[in-house]
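Student: I'm new to this structure and would like a close look at one part of it. Could you walk me through the surroundings of a bound ligand, and then link that to how the helices pack?

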Amino acid sequence: QYYHVFLGRLSLVPILIISLTGTYLSLVKFNIFPEKKIELKAPARANQEEEPEQKQVATFASFKTIKLKDIRSVDFPFADDPDEYYKIKLTDRELMVNQFDGTIVASAQYPMVNILNTLSLNLHTGKTSTIWAIVLTLATINILFFIYSGFVITLRRRRNKIKNKYNITEAEYLLLVASENGSTIHFANHILTQLLSHGEKAHLAELNDFQLSENTQQLLIFASTFGLGDAPTNGNNFLNKLEETDSHRAIEYTIIGFGSTNYPDFCGYAKRIEEEIKTKEWATPLLPLYKVNDRSLTDFVEWVKAYSDIIHLPLITSPNYYAEINQRKLYSFTVADISATNEGDKNFMLTLTPSGNVDFSSGDLLAIYPENNEKERLYSIGKSGKNVRLVVKLHEQGLGSSYLNNLKKGDTIKAAIQSNNGFHLDKKQTPTILVSNGTGIAPFLGMLEENKDAPISVYAGFRNKEPLQLTIEQQLAAAKNNGKLKDYTIAYSRDADISHKYVYELVEKDIVKITQILDNGGVLMICGAIAMHKEVVGKLQQNCPNFELYQSNNQIRSDCY
Ligand SMILES: Cc1cc2nc3c(=O)[nH]c(=O)nc-3n(C[C@H](O)[C@H](O)[C@H](O)COP(=O)(O)OP(=O)(O)OC[C@H]3O[C@@H](n4cnc5c(N)ncnc54)[C@H](O)[C@@H]3O)c2cc1C
Ligand SMILES: Cc1cc2nc3c(=O)[nH]c(=O)nc-3n(C[C@H](O)[C@H](O)[C@H](O)COP(=O)(O)O)c2cc1C
């Protein structure tokens, strides 16, 4: 999108010239502006009998005044016959020149049509100037790029439509979007879906449709910036509306700016909104202004985390959840194995064999698309040999999990792999702590298989010791035996015999050891429920003085849902 506009500005003049001259040449071709032919006639010679004397061509006065650059063509006299002349075509006229003394015997100015025709041809083809020919070549390559980028932008606009369940007057959460090309709507839609799934009344509208109702409690403003610090078209009237709006109650708001640091006024419009809304007595900020550069999922998730904490609703903080589906490549997978489903936690393990060569690592995600439903479901995967292995919790009435649960050995499914580069095992032998609960163990089992020499400790939490947990324990024990795993501890929350029930309690118990590993550059990876993530991170925050440093060094990595 950025290059669509940037290159568009740069090649505007050449493209305009190409199209104008092209149009003109077509009109000439179809005889709408017919080119006029010039027939020069030499006057009758005075003295037919006398043989003219041949002067030096170099001394011809007429030739001395003609510049080479103005000459289009020269027809030389066929023989030294006085009736044969030089016929010279210049850019603006034609001449007939006596071959003996150089006098111009006839001359005619081209009509305007012919001059324009020549000019158009030269400008359109770059015939007369190498530099102009290069400019034209670059402009033509740009045209091909615009065809591609224009398609991509249109597809994105069409994909990101607003889907509402409650109308604007019923909603407590009013999500407002200012977007030119639809990508910001995509982010807002993902927040809308989650608020609705938590039973909240939310409505998503364009920023220009802003209005407060008796029920509005929170404004979530997703504002991109266009032009140079300006509002997108569907948000350009908001500030006027805001000025006229009053409320007798306090209304909370949060603003997320979408923009690009390629522009001098990064998130300029979001900043203007913030300045204006601050002046309203009824408006209470929930958070500072968050800025998202070039649709960065990581930037956006920063806001999601902060917002999720403040409203006490678990929102998905895995960046991949907010990725656009784009044209994800679907592969065929055959079910190699599917375990029985646990009675208690309803978890089961699924092993899939890809039909061809599929490149993935433990920690990546498998995306499936249940029929009659456009929402994709993501599952954290481990790599076992060339197989994909995942642990799924069966949700009653859950479309995706039921679909996977109903598979039989030998069935085939179509699914995409979404790489999750921030959640892979380090290539170096970095000491690593893996913390999971429930289904979150799947990528870690794969990482243990992939591990070469890194000292790894696993902390896993489950509900009961059920058949699947026994299989997992066996795999952990085997990994420890063959040196892939240093140590592991498991917490069972519903098991009466075990004192430490939750995985965060295991982390707290070993906090001295864990802090040492992190202080020495180790990595801690968390996979599983968002609630568990919060507890574990809470324990680290409380106990590790260098917690902030670990975070900024990317030593704490998570894939939670
Ligand atoms: C990054 C990421 C990684 C993930 N990794 C895993 C993983 O490794 N393992 C795993 O199991 N999950 C994982 N998930 C969650 C997974 O993507 C799905 O969200 C989960 O399987 C539920 O999907 P579903 O289609 O079964 O349920 P949905 O059809 O999406 O339904 C969602 C919920 O609504 C309930 N529901 C649906 N319809 C009704 C109805 N009519 N009445 C009442 N309730 C209803 C369902 O019971 C379910 O609880 C991950 C998610 C993300 C974002
Ligand atoms: C023509 C144009 C002008 C832009 N001007 C700015 C700008 O001034 N400041 C900024 O931060 N981002 C600017 N951007 C970047 C967009 O705000 C950013 O790509 C945003 O994610 C687009 O969101 P949308 O797809 O919802 O419209 C500009 C983008 C385009 C195409």
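Tutor: Let's start with ligand 1, keeping in mind that the model is predicted. There are 21 residues around ligand 1, and those that come nearest are Arg 377, Tyr 379, Glu 396, Gly 400 and Ser 401. Now look at the polar atoms. Leu 378 takes part through its backbone: an N or O atom there lies 2.7 Å from an oxygen atom of ligand 1. Two side chains face nitrogen atoms of the ligand instead. Gln 397 has a polar side-chain atom 3.2 Å from a nitrogen atom of ligand 1, and for Thr 439 the distance from a polar side-chain atom to a nitrogen atom of ligand 1 is 3.5 Å.

Just along the chain from there you can pick up helix α11, which covers residues 441–450. Its packing partner here is helix α12, residues 467–481, with the two axes 10 Å apart and an angle of about 25° between them. An angle under 35 degrees counts as roughly parallel, so that is how α11 and α12 lie to each other. The crossing of α11 past α12 is left-handed. On the α11 side, the contact is made by Ile 441, Leu 445 and Leu 448, while α12 brings Ile 472, Gln 475, Leu 476 and Ala 479. Sorted by class, that gives 6 nonpolar residues, 1 polar one and no charged ones.

Ligand 2 is worth a look as well. It is surrounded by 22 residues, and the closest are Ser 179, Ser 183, Thr 184, Thr 225 and Cys 267. Ser 179 reaches in with its side chain, where an N or O atom is 2.5 Å from an oxygen atom of ligand 2. Cys 267 uses its backbone: an N or O atom there is 2.7 Å from an oxygen atom of the ligand. Phe 258 also has a polar backbone atom in play, 3.5 Å from an oxygen atom of ligand 2.

Ser 183 and Thr 184, both among the closest residues to ligand 2, fall within helix α6, residues 183–197. Follow that helix and you meet α9, residues 297–311: the two axes come within 12 Å and cross at roughly 30°. That makes α6 and α9 roughly parallel to each other too, but here the crossing is right-handed. Phe 187, Ile 191 and Leu 195 of α6 touch Leu 297, Phe 300, Trp 303, Val 304 and Ile 311 of α9. The contact has 8 nonpolar residues, with no polar and no charged ones.

For one more pair, go to helix α2, residues 12–29, and helix α4, residues 112–125, whose axes are 9 Å apart and pack at an angle of about 135°. At that angle α2 is oblique to α4, and its crossing past α4 is left-handed. From α2 the contact takes in Ile 17, Ile 18, Thr 21, Gly 22, Tyr 24, Leu 25 and Val 28, and from α4 Val 113, Leu 116, Asn 117, Ser 120, Leu 121, Leu 123 and His 124. By class, this contact of α2 with α4 has 9 nonpolar and 5 polar residues, and no charged ones.

Notes: Residues numbered from 1 in each chain as written. Chains lettered and ligands numbered in written order. Predicted model: local features only at pLDDT ≥ 70, side-chain atom pairs only at ≥ 80, totals over all residues. Heavy atoms only, no water. Axes fitted to C-alpha atoms, helices over the stretch in contact; angles between N-to-C directions. Helix = DSSP H or I, 4+ residues; strand = E, 2+ residues; numbered from the N terminus. Parallel < 35°, antiparallel > 145°, perpendicular 65-115°, else oblique. Left-handed = near helix turned anticlockwise from the far one by under 90°. Contact = heavy atoms within 4.5 Å. Nonpolar A, V, L, I, M, F, W, Y, C, P; charged D, E, K, R; others polar. Near = heavy atom within 4 Å. Polar contact = N/O pair within 3.5 Å; in protein donor to acceptor, adjacent residues only side chain to side chain.
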